[in-house]
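User: I want the reasoning behind the labels on this protein. Please set each value against its definition.

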Amino acid sequence: MSHDPAFIDMVEQLREEGGNRYPREAYAFVVAALGETVRQLPPERLADEARRHLSGRELVVGALRFARARFGPLASTVFAEWGVNRSEDIGRIVFDLVAAGHLSARPEDTMADFMDGPDLLAVLAEPDPPAPVGGR
């Protein structure tokens, strides 16, 4: 996960402005999960910039898969420690990073894309991994 001083400074500023809602590691994790989820897209989708863009749901599923790979059976414990309990938490981190200029969003991307998603802690406690990201 990112040890870039500029990224760390940007996240610390976001945390101060947002009341330290999430720890630095949660922001770095979401950026890494986004990158890994995009890398796992089918080649024809990767080649098309418009189709390479992930939906909120795709990012949540990718983050869950990445969390299982990164943290194994401790994934739900790590997320709970970070306060990342619902898909809305991933959305807040994403839109914090968009507001800071670290990530980009399309005009149609909103927090609603992350609402009504799964209880992340419950999903991470299940034995079966989330389904892979499909084509669009």
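Analyst: Below are short questions and answers on confidence, helices and burial. This is a predicted model, where local features need pLDDT of at least 70 and side-chain atom pairs count only at pLDDT 80 or more, while totals for chains, interfaces and linings use all residues. Residues are numbered from 1 along each chain as its sequence is written, and side-chain values use heavy atoms, with hydrogens and water left out.

User: How do you know what confidence the predictor has in the protein chain?
Analyst: By pLDDT, the predictor's confidence in each residue, from 0 to 100. The protein chain averages 86, and 89% of the residues score at least 70. Among its elements, helix 4 (residues 49–52) has the lowest mean, 74, and helix 6 (residues 75–82) the highest, 96.

User: What makes up the secondary structure of the protein chain?
Analyst: Eight helices and zero strands. Helices (H or I, at least four residues) and strands (E, at least two) are DSSP runs, numbered from the N terminus.

User: Why is the span of helix 5 called close to the expected one?
Analyst: The expected span is 1.5 Å times one less than the number of residues. Helix 5 (residues 56–71) has 16 residues, and 22 Å is expected. Its first and last C-alpha lie 22 Å apart, so the label holds.

User: Why is helix 5 called mostly covered?
Analyst: Buried means under 20% relative accessible area, exposed over 50%, partly exposed in between (1.4 Å probe, protein chains only). In helix 5, 12 of 16 residues are buried, including L59, V60 and F66.

User: What covers those buried residues of helix 5?
Analyst: The cover includes helix 2 (24–39), helix 7 (87–99) and helix 8 (120–125).

Methods:
Contact = heavy atoms within 4.5 Å.
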